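Me: Please take a close look at one part of this model for me. Pick a piece where the reasoning can be followed step by step, and then set it beside other parts of the chain.

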Amino acid sequence: MSEVTTRAALKTTSRVYEPVVPPVSVRSFPASMLSDGFYMSCLFFTMGLIMLALVFFYGPARVMMDGPILLPATSIISDESPQKPTGGASAQGSARVADFYRGVLAPDETLSLLALRHRLSLGTLLSVNKIDDLSRVRPGLRYIIPGMDGILHRVSRGQTLEKISDLYGISVEELSYVNGLLIPQLHDGQELFIPGKLMSDEEIAKITGKSFLFPVPGRVRRLFGKIHNGLTDSLVFNDGIDVATLPNQDVYAAANGKVAAAGLHSLYGYYVILEHKGRLHSFYGYLSGIKMHVGQDVQRGEVIGNVGRSGYTSGQWLHFSILHKNKPVDPFKYLR
């Protein structure tokens, strides 16, 4: 093909053709239906119906919380009306600072992930949900999440609000308000929420044992096993989970260990591998850089890096894997 012919072909293929819109007769429609206000009203009405349908089928929490958006520390979205700890006052009390809501642990969630999402101490969820062994927590657990950090206190015989107030260094007024108490009268076995008080590290360690904790807040978008890769449009094996989260989000060590390797991978970008007891390793990929050095000791919950976009990724993700005897296993077998 000659140069003149090529230029002509490019010129022809680059034309923009406007679609031909046939004229519409408006004689059969009332004049009021042609106003901009009518069409805007129809649009908003239709959008409202769509949102109602989504809430009906998926529930308000699923609709509002979908995506890697983290809840503010003071925001609580509930599938049900706020709940208070067992033994609280009548529901006729005024709204409390520490509202509670209930949920059911999904297969792609853990208690430590919920704590990260809601920016709460893991000890708060352990205390409020009366969990004494984290390794026994499984999907289907009916949990309670408060709107702030704190612990549950079980009232013993003879205790009064004043004594409990002195014990924890909190005013009687705040204690009454948070728990919705209309009458400052307690009974044996009643449970009160003590805002701002945290479970000690020793207590948390005793309950969690050797469990792996979730390394980053966010939403699990790809599970372990065969998945569809949108970048290559093919079926591939995912040796871990991929968590969508916020840019530069801190990444935490899932368990105590030692840095076994750190470097740059063509697929996972910057990564860190931790070695743990029991011939276990945890892998953290798509990091923004490397902050750890080989041989460094790491404690569970310690920041080992930040989420980035290094490697072969389409967004802000953390690739997390657990290996047993150098073979990848489903992380949810160990995460709690």
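## A close look at one helix, and its setting

Reply: Of the contacts in the protein between residues at least 6 apart in sequence, 65% join residues at least 24 apart. This is a predicted model. The protein has eight helices and 16 strands. Of its 336 residues, 40% count as buried. Its accessible surface comes to about 19,500 Å². Carbon and sulfur atoms account for 57% of that surface.

The part I pick is helix α6, which runs over residues 161-168. Start with what is hidden. Leu161, Ile164, Ser165 and Tyr168 are buried in α6. Viewed down the helix axis, these buried residues fall within an arc of 105 degrees, so they line one face of α6. The spacing has a simple basis. An α-helix has 3.6 residues a turn, so residues three or four places apart point the same way.

Now turn the helix over. Lys163, Asp166 and Leu167 are exposed on the other side of α6. Leu167 is thus among the exposed residues, while Leu161 is among the buried ones.

What covers the buried side? The cover includes strand β3 (150-154), helix α7 (172-178) and strand β4 (191-195). The next point is the end of the helix. Gly169 follows α6, and its phi is positive, near 70 degrees.

Helix α8 (residues 201-208) can be read the same way. Ile204, Ile207 and Thr208 are buried there. Seen down the axis of α8, the buried residues fall within an arc of 90 degrees, so they too line one face. Glu202 and Lys206 are exposed, on the face of α8 turned away from the buried side. The cover over the buried residues of α8 includes helix α5 (122-128). Gly209 comes after α8, and its phi is positive, near 60 degrees. So much for the glycines.

Positive phi also turns up elsewhere, in residues other than glycine. Asn248 has a phi near 65 degrees. Asn248 sits in the loop between β8 (241-244) and β9 (250-252). Lys325 has a positive phi near 55 degrees. The loop that holds Lys325 joins β15 (317-324) to β16 (327-329). Its relative accessible area is 45%, so Lys325 is partly exposed.

Helix α4 (residues 111-117) offers a close-up of a single residue, Ser112. Ser112 has 5% relative accessibility; buried means under 20%, so Ser112 counts as buried. Which residues touch Ser112, leaving aside neighbours within four places in sequence? They are Leu122, Leu213, Phe214 and Arg336. Pro215 is 103 residues from Ser112 along the chain, yet the C-alpha atoms of the two are separated by 8.8 Å.

Aromatic rings come next. The protein has eight aromatic pairs. Take Tyr268 with Tyr286: the ring centres are 5.9 Å apart and the planes are at 55 degrees, so this pair is tilted. The pair links distant parts of the chain, 18 residues apart. Tyr268 lies in the loop between β10 (257-265) and β11, and Tyr286 lies in strand β12 (residues 280-287). Are these two tyrosines buried or exposed? Tyr268 is buried, with a relative accessible area of 14%. Tyr286 is also buried, at 5% relative accessibility. Ring pairs join Tyr268, Tyr271, Phe283 and Tyr286 into a cluster.

Finally, look at the surface. Tyr270 is in strand β11 (residues 269-276). Its relative accessible area is 31%, so Tyr270 counts as partly exposed. Patches take residues with over 30% relative accessible area, so 31% puts Tyr270 past that cut-off. Tyr270 forms a nonpolar surface patch with Leu264 and Ile290. Together the three have about 270 Å² of accessible area.

Back to the helix where we began. The buried face of α6 is made by Leu161, Ile164, Ser165 and Tyr168, and elements covering these residues include β3, α7 and β4. Lys163, Asp166 and Leu167 are exposed on the other side.

Key. Residues numbered from 1 in each chain as written. Predicted model: local features only at pLDDT ≥ 70, side-chain atom pairs only at ≥ 80, totals over all residues. Heavy atoms only, no water. Patch = residues over 30% accessible without salt bridge, like charges linked within 9 Å, V, L, I, M, F, W, Y side chains within 5 Å. Areas by Shrake-Rupley, 256 points an atom, 1.4 Å probe, with all protein chains shown as cover. Salt bridge = Lys/Arg side-chain N within 4 Å of Asp/Glu carboxyl O. Helix = DSSP H or I, 4+ residues; strand = E, 2+ residues; numbered from the N terminus. Buried < 20%, exposed > 50% of the residue type's maximum accessible area, 1.4 Å probe, protein only. Arc of directions from axis to C-beta. Contact = heavy atoms within 4.5 Å. Phe/Tyr/Trp six-rings, centres within 6.5 Å; stacked < 30°, edge-to-face > 60°.
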